[in-house]
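This report describes selected local features of one protein model. The sequence and the structure are shown first.

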Amino acid sequence: MQIWVDADACPAVIKEILYRVADRVQMQVTLVANQLLRVPPSRFIRSIQVPSGADVADQEIVRLLEPGDLVVTGDIPLAADVLKKGGHALNPRGEFYTNDNIAQMLTMRAFMDELRGSGVDTGGPAAFSQSDRQNFANSLDRHLAKRKHG
């Protein structure tokens, strides 16, 4: 198993957690982004820069993903593709996307896009908080422990 990170929109604090986990559990963490990323020197951490363009990083992650891999993303359509390919998807706030919740999330995303398209100010997501960071770390630890023992 390895961890893929949809890195263009991933908060820096989440990347830091992933860097520490990569070395601690000796697991490959690959960040995929449109921009050049600086990552700590580690044989377990690498970055892939893809050309600019809508969903280029997402498509590269799906192409390289193996069943059982974990993808860290806030992108709901990417999460849906990851689940279809047999991967696991975790958002930076620590919530797993599942086959049970992904359809509802895609529907809500489309609805919000429609509202914004008609001029309704839907506001953005809440600011990233310390509890979001903690939830992410806890969800990641539980997932890794399950994979190790199960």
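The sections below treat the basis of the model, one strand with its neighbours, and one residue.

## Basis of the model

The model is predicted: local features need pLDDT of at least 70, side-chain atom pairs count only at pLDDT 80 or more, and totals for chains, interfaces and linings use all residues. Residues are numbered from 1 along each chain as its sequence is written, and side-chain values use heavy atoms, with hydrogens and water left out.

Helices (H or I, at least four residues) and strands (E, at least two) are DSSP runs, numbered from the N terminus.

## Strand S1 and its partners

In a regular strand, side chains alternate between the two faces of the sheet. Strand S1 (residues 3-6) is covered on both faces: Ile3 and Val5 on one side, and Trp4 and Asp6 on the other, are all buried (under 20% relative accessible area, 1.4 Å probe, protein chains only).

S1 runs parallel to strand S2 (residues 29-33), joined by 4 bridges; pairing requires that DSSP find at least two bridges between two strands. Val32 in S2 is the bridge partner of Asp6. Between S1 and S2 the chain passes through helix H1 (residues 12-25), giving a right-handed β-α-β crossover (clockwise from the first strand over the helix to the second, with the strands pointing away from the viewer). S1 also pairs in the parallel sense with strand S4 (residues 70-72) over 3 bridges, where Ile3 stands opposite Leu70.

## Asp132

Asp132 lies in helix H5 (residues 130-149) and counts as buried because its relative accessibility is 11%. The Asp132 side chain reaches the backbone nitrogen of Ser129 at 3.0 Å. Leaving aside residues up to four places away in sequence, Asp132 touches Pro92, Arg93 and Ala127 (heavy atoms within 4.5 Å).

Technical notes: Buried < 20%, exposed > 50% of the residue type's maximum accessible area, 1.4 Å probe, protein only. Polar contact = N/O pair within 3.5 Å; in protein donor to acceptor, adjacent residues only side chain to side chain.
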